[in-house]
Amino acid sequence: MPAIYEIPEGPPNTEELKTPSLDYDEAFADVFDNIISKFRNKKVSSGSIVLVGDDVYTDSSARSNIRSAFDSGVPNNPEVMETSLDYVFAMLGCNGSRIDHPVVMTEPLCMPYTVRRSVNELLFEGYSVPAVSYAIDSLCSHYYNIGDSVSSGLVVSNGHSTSHIIPIYNSRPLLAHAKRINIGGSGISDFMLNLLQVKYPSFPVKLTAWQAQYMVRNFTYFSSDYREELRTYLDQAILQDKDRSLQLPFPAPTREERTEEELAQIAERRREQTLKLQELAAKSRMEKMLAREQELVELEALRDAENSYAPAELAAELKRYGLRNLVELDEAIKKSRAVIERARKKSLGEDIEEEKLVPDFSLVDVPDEELDDEGKREKRRQRLLKANYDARERARQLREEEQRKREEDTKRDEEFRLNNFDLWLKQLKDKRQKVIDNINQRHQRRRDLNERKSHAAQARMKNIADLASNDAPAAGAKRRRRGEQEDTF
């Protein structure tokens, strides 16, 4: 079984700076990306915070403000370059404002002169370096690692966004025959990320560009013989040796365990909140009942003193309560008494039987000759109310009848299931199969209609042609008289 390698969520948290030293191995033991992040932290009130290299991944606010000194491998941001050089010189122990050592700057092949001029200006005027020397990065690496042991060959420099190929002949580079390929480490990392997203679209966590770059740097390599390696890759021994299993970070769900004391405290708080809500509800009901009683007293006083008011004054008083006549006043008094009685029984804890208030239809059967104008209007209103009430009663009776039938069918089906389970199961399977057959027939008909040569599609087109010929019979007869062939569309 191959070993499982864990993929970290992000770069390590480099909070502590390494001890500055001029020793080559210690100073250049770590390689960082030439990026910075300048942002403001709410917890720190002393201006902006600047992070360089891998430190930018240690803060969530810094990730959204990442800036690079390069664009397609060419330095185009002197401010970011200066901040990165400050960081490098600080790591080397050169903390003063002046650098008293000559500086060697490596660069890719065919770097524009304007870029070198801006770097010269930064080094000479910003750091007062005594001398600067430029060299091609891949050739420096070649002579440092190989030297003159191999006099001829190819130097392949795989950069961030581009790759350069420089031929070496007799220990001398042939720069006139060098080539540039517009693909580098970032393109390989993006390709790896796209492959993983296509192959595993349902990851529980989202893959990041940094994780894809980590996989490329730690688990990929350049093949010396690509075709031979593909031919032998399915060999079990070779596959077991080169197989890698990667484990992405997975946040395991944590279940919060509470003690019995904490559960008891939570239950006590809930009980107190319930009692408080009940008290507020009771207080609100009491206020509403007092307001209803006060309104009932005023309505009864108005009903008792109706003879002492002039007709206009009585109409004004009724309008103040939203009433139009004395009949509505009596109904409002009756309704208020019923509401207050129910509220009192509920406050005392008595069982309340919901009484359905039947509207008053006393004037429906009274002849119009025995009524005045106001009575006739009230009779029409009661007739409309009675029609609505009768319709609601019929609908309620129908609902109750349907509910009763459903309950009887359910009871009958349950008895049939208990007494004849095999037959009940067979009938249930037959119903299910019938539904499935209907669904399959619809799907098959839809597929047949999409095929032009199928019987269903031809029948459909024939129906369309018949309808079209029926719409224009005269045109068809005229064609037949001229001897033209009938349209078979």
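Phe89 and Tyr127 are both buried in this predicted model, and they make a good place to start looking around. Their ring centres lie 5.0 Å apart with the planes at 70°, so the two rings meet edge-to-face. Phe89 belongs to helix H3 while Tyr127 sits in the loop between H4 and strand S8 (132-136), so this pair ties together parts that are 38 residues apart in sequence.

**Nonpolar cores**
- In soluble globular proteins, nonpolar side chains tend to be buried together.
- Here, the largest nonpolar core has 21 residues, and Leu85, Phe89, Ile99, Leu123, Tyr127 and Val129 are the ones that touch the most other members.
- H3, strand S7 (103-107) and helix H4 (113-126) each chip in with at least two residues of this core.
- The biggest giver to this core is H3, with six residues.
- Set aside its neighbours within four places in sequence, and Leu85 is in contact with Leu122, Leu123 and Tyr127.
- There's also a second, separate core of nine residues, with Leu296, Leu302, Leu318 and Leu329 among them.

**Rings and charges**
- The count of aromatic pairs comes to three.
- Arg116 has its charged end over the ring of Tyr134, 4.7 Å from the centre of that ring.
- Arg417 does something similar with Trp424: its charged end sits over the ring, 5.8 Å from the centre.

**Salt bridges**
- The count of salt bridges comes to 19.
- Glu268 and Arg271 join their side chains in one of them, at 2.7 Å from N to O. These two are three residues apart in helix H10 (residues 260-304), so about one helical turn separates them.
- Glu268 is partly exposed at 33% relative accessibility, and Arg271 is partly exposed at 44%.
- Arg337 and Glu300 form another salt bridge (2.8 Å, N to O). Arg337 lies in helix H12 (residues 326-348) and Glu300 in helix H10, so the pair ties together parts that are 37 residues apart in sequence.
- Arg324 and Glu328 also meet in a salt bridge (2.8 Å, N to O). Arg324 is exposed, with a relative accessible area of 64%, whereas Glu328 counts as buried at 12%.
- Glu331, Glu378 and Arg381 are linked up in a network of salt bridges.

**A look at Glu79**
- You'll find Glu79 in helix H3 (residues 78-91), where this residue is partly exposed with a relative accessible area of 41%.
- Glu79 and Ser68 are eleven residues apart along the chain, and their C-alpha atoms are separated by 9.8 Å.

Technical notes
Residues numbered from 1 in each chain as written. Predicted model: local features only at pLDDT ≥ 70, side-chain atom pairs only at ≥ 80, totals over all residues. Heavy atoms only, no water. Helix = DSSP H or I, 4+ residues; strand = E, 2+ residues; numbered from the N terminus. Buried < 20%, exposed > 50% of the residue type's maximum accessible area, 1.4 Å probe, protein only. Core = buried A, V, L, I, M, F, W, Y, C linked by side-chain atoms within 4.5 Å. Contact = heavy atoms within 4.5 Å. Phe/Tyr/Trp six-rings, centres within 6.5 Å; stacked < 30°, edge-to-face > 60°. Lys NZ or Arg CZ within 6 Å of the ring centre and 35° of its normal. Salt bridge = Lys/Arg side-chain N within 4 Å of Asp/Glu carboxyl O.
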